[in-house]
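Please open the model in your viewer and keep the sequence panel visible. The tour proceeds by selection, with a short account of what is found at each stop.

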Amino acid sequence: MRRCSSLGKKHGYENEEGLPLDVPKGHFVVYVGENRTRYIVPITVLNMPEFLSLLQQAEDEFGFDHDMGITIPCDDQVFESLMSFVR
């Protein structure tokens, strides 16, 4: 998992498929917390029941029909603690 600036996305640094250049294959972007901190996480987190629970909370609170990306309704520190188990 990488915590990163959202500048790349905002400034259009995308490849020919329209994907941000800073997101490696097998990863995706989520936005976390009140400040919408951008994280790049591996798709393997989709096997974690805790992460799936966060996705369910995200759907309940925000839905999934928006362009910005998945927003996780969770404190940054809690999210980072959960992601510390991802290898």
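A polar contact is a pair of N or O atoms within 3.5 Å, in which, within protein, one atom must be able to donate a hydrogen and the other to accept it. The model on display is a predicted one.

**First selection: D76 and T37**

Select D76, which lies in helix α3, and then add T37. The two side chains make a polar contact at 3.2 Å. Is D76 buried or exposed? Buried means under 20% relative accessible area; D76 has a relative accessibility of 15% and therefore counts as buried. Next, extend the selection to the surroundings of D76. Apart from neighbours within four places in sequence, the residues in contact with D76 are V32, G33, T37 and Y39.

**Second selection: R38 and D22**

Move now to R38 and D22, and display both side chains. Side chains of opposite charge can pair when their charged atoms come close. Here R38 and D22 form a salt bridge, with 2.7 Å from N to O. R38 belongs to strand β3, whereas D22 sits in the loop between α1 (7–10) and β2, so the pair ties together parts that are 16 residues apart in sequence. How many salt bridges are there in total? The count comes to one. The two partners may also be inspected for accessibility: R38 is buried, at a relative accessible area of 1%, while D22 is partly exposed, at 26%.

**Third selection: the nonpolar core**

Select V30, V41, V45, F51, I72, F79 and M83. These residues have the most contacts inside the largest nonpolar core, which has 17 residues. Colour next the elements that give two or more residues to this core: β2 (27–32), β3 (37–42), α2 (49–62) and α3 (76–83). Which of the elements gives the most to this core? It is α2, with four residues.

**Final view: the whole protein**

Clear the selection and switch to a cartoon representation. The protein has three helices and four strands, and these follow the pattern β-α-β-β-α-β-α when read along the sequence. Of the 87 residues, 34% are buried. Among contacts with a separation of 6 or more, 47% are between residues 24 or more positions apart. Finally, turn on the surface: the protein exposes about 5800 Å², and carbon and sulfur atoms supply 51% of that area.

Methods: Residues are numbered from 1 along each chain as its sequence is written. This is a predicted model: local features need pLDDT of at least 70, side-chain atom pairs count only at pLDDT 80 or more; totals for chains, interfaces and linings use all residues. Side-chain values use heavy atoms; hydrogens and water are left out. A nonpolar core is a set of buried Ala, Val, Leu, Ile, Met, Phe, Trp, Tyr and Cys residues joined through side-chain atoms within 4.5 Å. Buried means under 20% relative accessible area, exposed over 50%, partly exposed in between (1.4 Å probe, protein chains only). Contact means heavy atoms within 4.5 Å. A salt bridge is a side-chain nitrogen of Lys or Arg within 4 Å of a carboxyl oxygen of Asp or Glu. Accessible areas come from the Shrake-Rupley method with a 1.4 Å probe; for residues, only the protein chains shown count as cover.
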